[in-house]
Structure formats: C-alpha cells, structure tokens
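Notebook open, structure loaded. I'm jotting down what I look up as I go, beginning with strand pairing.

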Amino acid sequence: MAPDEAVVGCTGRLTLATRGTEGPGEVLVRVRGGTETFFAYSDEPLERGTTVLVIESLGHREVSVIVWSDPLLDPPSGGDTRGAR
C-alpha cells in the first residue's frame, strides 16, 4: 500500500508504548477531521500516553514518530516571565 502523506506532520498520542527497534506501538492521530490509529515505530522506546509527531508514513497504516512537545502549550521551564506582570 502507498504511503499516506496526509498523516505526515500530524500529532497524536501513543495508545500502546513503542519498543524502539524491538517493535511498534500504536498511535491515535488527529487527521482528516477525525482520529485514526496507526502502528507507530520509533528509534527509542516511548511510553504509552506520549505525545508524538508523525515524521514519515511507511504505508499500510504504519508511521514513524518522534516525541513532540507543542511550544505554544508547553513553554520551556526556566522562569521566562516576558510579558507577565
């Protein structure tokens, strides 16, 4: 099956942990106005519940993912108080 380019760049949450090179987990991805599940592969093991970014479609409902932290929702720690008064 051909890669699903619509899912690349989408974020999701792992519903089953990935095992790195030992095997995939499962990710629920927000795509096409809804949510869909895919087998999720990552270089390193990732825990269930981790927010991830889809970086590649491997075809047949399989994707490569990396950990994702939304900079607008998860500002960096360290006491940045610009704009706060």
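I started with Arg13, and found it opposite Thr51 in strand 6. This is a predicted model, so I'm reading every value here as computed from it. The pairing behind that match is between strand 1 (residues 11–16) and strand 6 (residues 51–59), which run antiparallel and are joined by three bridges.

Next I asked myself: which residue in strand 3 does Gly12 stand opposite? I looked it up, and it is Val29. Strand 1 pairs with strand 3 (residues 25–31) in the antiparallel sense too, with four bridges between them. So much for strand 1; on to the whole chain.

I checked the overall tally: zero helices and seven strands. Read from the N terminus, the order is simply β-β-β-β-β-β-β. There are 85 residues in the protein chain, and 31% of them count as buried. I also pulled the contact range: taking contacts between residues at least 6 apart in sequence, 43% join residues at least 24 apart. For the accessible surface I got about 5900 Å², with 54% of that belonging to carbon and sulfur atoms.

Then I picked a residue in strand 7 (residues 62–67), namely Ser64. Is Ser64 buried or exposed? My note says buried: its relative accessible area is 14%, and the cut-off for buried is under 20%. Skipping residues up to four places away in sequence, I listed what Ser64 touches: Tyr41, Leu53, Val54, Ile55, Glu56 and Leu58.

Phe39 was my next stop, and I found it in strand 4 (residues 34–41). I have Phe39 down as partly exposed because its relative accessible area is 45%, and that class lies between 20% and 50%. Leaving out neighbours within four places in sequence, Phe39 contacts Pro24, Gly25, Arg61, Glu62 and Val63. I also took a C-alpha distance: Phe39 and Leu28 are eleven residues apart along the chain, and their C-alpha atoms are separated by 9.1 Å.

Last, I went through the rings. How many aromatic pairs does the structure hold? Zero, as it turns out. I did find a charge over a ring, though: the charged end of Arg61 sits over the ring of Phe38, 4.4 Å from its centre. Arg61 was already in my notes as one of the contacts of Phe39.

Key:
Residues numbered from 1 in each chain as written. Predicted model: local features only at pLDDT ≥ 70, side-chain atom pairs only at ≥ 80, totals over all residues. Heavy atoms only, no water. Helix = DSSP H or I, 4+ residues; strand = E, 2+ residues; numbered from the N terminus. Buried < 20%, exposed > 50% of the residue type's maximum accessible area, 1.4 Å probe, protein only. Contact = heavy atoms within 4.5 Å. Areas by Shrake-Rupley, 256 points an atom, 1.4 Å probe, with all protein chains shown as cover. Phe/Tyr/Trp six-rings, centres within 6.5 Å; stacked < 30°, edge-to-face > 60°. Lys NZ or Arg CZ within 6 Å of the ring centre and 35° of its normal. Pairing = 2+ DSSP bridges.
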